[in-house]
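Hi,

Here's the structure I said I'd pass along. Have a look at it first, and my notes are underneath.

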Amino acid sequence: MKVKTPIFIILFFCCAIVFSQQSTTLQKKDSIQYFLKNASGKYQLRDLEKAVDLAEKLEIDSLIMVANVKFGLQSYLKKKTYGLDIAQQNLNKLYLKSKDSFALAKVFHYKALIHLLNFKKDSSLYYYIESKNISASIKDSLEVGRRLLSMSNIQRDGKDYLGSELSAIEGLQYLEPINDIRFTGNLYNSLGLSALRTNKNKEARRYFNSFLKINQQNPNKKRKYTGFFHFYNNSALSYIREKNYDKGIELFNKALKMDSLEFKSPKLYSLALDNLSSAYYSKGELTTVLNRLKLANKIKTRINNISGLSTNHNLQFSYYSKINDSKKALYHANKALEYAKESNFTRREAIILLQLANSNLINKKAANTYLQRYININDSIIEHEKTVKNQFARIRYETGKKEKENFTLKVENDKKQLEIEKEKQQKLISFLLAIGSLLILGISFLVFKNRRKKLAFETQLEKAEAREQERQQIAKSLHDEVAGDLRMLHQQLEKTNQVEVAKKLDVVKNNVRNLSHQLSSVRFNEVNFKDQIINLISDYFSLDCKIKVSGLNEFDWTNIESPIKRTLYLTLRESLQNANKYAKATQINIELNQTKNNVYLIIKDNGVGFDFSERANGIGLKNQKERIEEINGNIEIKSSINKGTTIKIEIPIHV
Amino acid sequence: MSKKLKILIADDHQILIDGIISSLKEIEEYDISSTTNCDDAFAKLKQEPFDILFTDLSFDNDTVSTKIDGGESLIKAIQKEEISVKIGVITGHSEINRIYNVIQNLKPSAYLLKTKCNATELNFAIQKMMSNDFYYTHEVHQKMIHRASINIQMDEVAIQILKELPSQSKINNLEGIIKKEDGTFLKLRSIESKLANLRIDLNAINNTDLILKAKELGIID
C-alpha cells in the first residue's frame, strides 16, 4: 500500500491535468459561443472583442471567422473604425493561413466600411468592388448582392445616379435567383431613390411598389416595419416632387400613424414630422408647421440626431423667414449652419447659405458675405462631387475594362485550354498508337521467335527420332545379318569340329547381340512410361539394393514427347546398371519432376563412386549424354570415390 | 482324350522345336506341327484350326522380306484376326520389361522359359491352358510379383491400407483412417477396389493372404 498510494496520487494528478486542460478548452469554446450569442447593449463590443481574442487563442478557424465577422459588423454599426481594423487584420491573417476566399472578401468589405466611416467614398467603393469580385469568384451570391447594394447607396450619395442604378440592377441579378428578400427589397428601394433624385417620379414609385411587395414577405418584423415606413416616406417624397402635396401629405400621415412609431423609432418619426411640415410649408398651409417642427426638434435633440437637427432648423429658418420674424429666422439659420458643419452636411450648409444670401432679412453687405461663402462651398461641393463622380466612373470603367479583359482573356484561355487539351489528346492517342504498335511488333517478334524456336525444337525431336530409327536399324541389321552370318559360320565350324574357333565365334556372336540390344531401345506406344520405369526398377530392386522412386505417380507422362521419355528411360537404365554393377550401391534414390517447361531426373546412389573422366566404362553414359544433348537437355554428373554418385538431368519439354 | 490336341510350335531354332516335340511325346500323344518363321505360322493358323500355339518372341532368321517380325507381332495379328487358338510363349527373354509388356498387352495363356522348361511343366501348362486358366513359369511369376510389390511400395495409399488392415476387424473401419495425398479421407468403395487390385497384383486369395504375401515380400513389416 505504501508504494501504491503515491502512484495513485500521481495518476490522479495526471488525470486532473488532462481533464482540466480539456475542460478549459471546452469552457473557452462555450464562452465564445456565449459572447457571440448574447453580446448586446453597452458591453457588446467588449464582449465580442473577448470572443475574438479567445478564438485566436484556440486557433479554431471557424470560430475565428465567425467572431471577427460579427465583431467587425458591430464595430461598423457603432462607427468604431478601430474594431473594424482589428477584425479586418485578423481576417487577413486567417485568409493567409487558410486561403479561404470568404475571409478575403470580408477583409475588403471591412476596409470599404473603414473608408466609409472616414467619408472616403471613392476608396470605399474601390474596396467594395474588390470584395464583390472575390465573392463572385466563389459564387457567394448573397455577399455579392449585399456589396452591390452598398455600392449603389454610396454612388447615389455621390450623385452618380446612373452608377447607382447599374449596381442595383447587377445586385438584383445575383439576389433574385437565390430568393433573398431583405437585400432584394433594399435594392429596389435604392433604384427608386436614384429615380427620385433624377426626377423620374413615376419610375421611382414603381420601384417603391416592388420594394413594398417584397417587404411584405420579409420575415423579420422590425425590418418589415421600417420597410413600410420607408415606402410611405419615399413615395410621399415622389409626390411632393411632382407638387402633388395632398397625396404626399396623406402618405406622410400614414407613416406617422404607423403603430407606435414615435416609440419604436423616434428618428424616423421626427424625420416624417419634418417632411410633413415641409410639405405643408410648400403647399402654403403654415398653421400646423411650427408645432410639428418643434416636436421634431425636441425628439432630434433627445436622440442627438445632429444632421437631422440641421434640417429641422433649416425648416424653422424658412418658416420664420416666411412670417418675417427675422430674429428667430437668423437664430435658426445659424443653428442649422452649426449643426450642418458638425455633421459634415456640406450640402445643407450650402442650401442655408444660399437661402440667407437671398433673404431680405439682412443687409446687402451681410448677404454678399453669405453669397460668397455659398459660392465657395458650392464650388468645393461641385468640385468634390465631380471628382467623386469621375472616380466612380473611372473605377467603374476600369473594372468594366478589367472584366472585359478578363472575359477576353478567359475566352482566349478557354481556347488555348481547348487547344492544349486537343493537343494532349492527340499526343495521348499517338502515344497509345505508338505503344500499341510497339506492343504488336514486340508480340509478333516474340511469336515469330517462339515459332522459330518451336520449329527448331520440333526438328530436333524429329532428328532425334530419326537417329533413333537409324540406331534401331543398325541394331536390327547387327542382330539379323551379322549375328545370322556368324551363326551360320558357327554351325559350319561345329560341323567341321573346329570347336575352339566355334567357341570364340560364339563369344563374338554374343557380343554382337549385346551390342544390338544396347542399341535397341523401348517403344512407349505399347506400354506406358510409368510401367516401363517400374519394370526397370523391378529389374534392379533387391533386398541388397533398395530403390526409392518419387514423382512417377504424381505427374502425367502421357503428353511428354517419346524421345524425351526414351532418353529418361535409357539414362535411368544405364545409371541403374552402373550403380548396381560397378558402384555396388545398396540404396538408390530416383527423383522425377516436371515443371511447366522442363522435366528433371535425379539419380543418387550410395555406391563407391568413380572418377568420371578416367572411367573406361563410361561409354554407356557418354551415349546417354549424346542422346540428352540431341534434345537440348543437360546432364550433370557428380561423383567421387566412396561418396556415391549423383546424376542430374534436365530436359526442356517445350521450346 | 477322344481327340488329339493340335499344337503349332513356332521358333527360329529347329533344335528347340525338336526338343519340345520330344518332351511332349514323353507324356501324351499330340498332333504337333512346327515352323521357323512367323509369316508361315500365321498362314498355317489361318488355314487350319489349332488348339494351341507355342511361339518364341524373337526370331533371328527374320529378314527384311518377312511381314511379321516377331512373336509379339504374330500374337497381335492372331488377336486382330480373332483366330481361336490358345497362345503360349516359350522364350529365352526373362527381362521383366519384356515379360511385363507381353503379359500386360497380349495376355498369353502361358509364359514359359526355354532354359527351365521340361516335359512335366510343359504338360502342366497345356492342361491349364485347355481349362481356360493361365500358367506363368515360376521365375516369370516371381518377377511379376516382385514388380507388383515395387509398384505397391510407391503407392502411399496402398501401404496405408496394408498397414492398417491387420488391426481392423472390418474393412468398414478403414473409412476415415486412410488418407489421400491431399489429406482427405478415402471412401469405402475406393478402399475396397484398391484392395481388390492389390489381391490381383500379389496373387492373393483373400485379405489375410494379401497381408501375408505383403509381409513375405517385405512391403510391410
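Below is what I found at the chain interface and in the cavities.

Bear in mind that this is a predicted model.

First, the interface. Chain A brings 22 residues into contact with 20 residues of chain B. Together they bury about 1900 Å², with carbon and sulfur atoms giving 48% of that area. I get 8 residue pairs in polar contact between chain A and chain B, counting pairs with both residues at pLDDT 80 or more. On the chain A side, helix 19 (364–495), helix 20 (499–519) and helix 21 (529–540) each supply at least two of the touching residues. Helix 21 gives the most, with 7 residues. By type, the chain A side splits into 8 nonpolar, 6 polar and 8 charged residues.

There's also 1 salt bridge between chain A and chain B. If you want to find it on screen, go to A:Asp531 and B:Arg147, whose side chains meet at 3.1 Å, N to O.

Now the cavities. The structure has 2 of 30 Å³ or more, and the largest has a volume of about 60 Å³. What lines that one? The residues are A:Ala464, A:Glu468, A:Arg471, A:Pro563, A:Arg566, A:Thr567, A:Arg627, A:Glu630 and A:Ile631. Helix 19, helix 22 (562–581) and helix 23 (619–630) of chain A each give two or more residues to this lining. Of the lining residues, 5 are charged, 3 nonpolar and 1 polar. Helix 19 therefore turns up twice in these notes, if we go by the definition of helices used here: on the side of chain A that touches chain B and in the lining of the largest cavity.

Cheers

Conventions:
Residues numbered from 1 in each chain as written. Chains lettered and ligands numbered in written order. Predicted model: local features only at pLDDT ≥ 70, side-chain atom pairs only at ≥ 80, totals over all residues. Heavy atoms only, no water. Contact = heavy atoms within 4.5 Å. Buried area = accessible area lost by both parts, 1.4 Å probe. Salt bridge = Lys/Arg side-chain N within 4 Å of Asp/Glu carboxyl O. Polar contact = N/O pair within 3.5 Å; in protein donor to acceptor, adjacent residues only side chain to side chain. Helix = DSSP H or I, 4+ residues; strand = E, 2+ residues; numbered from the N terminus. Nonpolar A, V, L, I, M, F, W, Y, C, P; charged D, E, K, R; others polar. 1 Å grid on protein atoms, 1.4 Å probe; cavity = no way out; pocket = protein on both sides within 12 Å on 5 of 7 lines; lining within 4 Å. Points joined across faces, edges and corners; volume = space filled by probe spheres on them.
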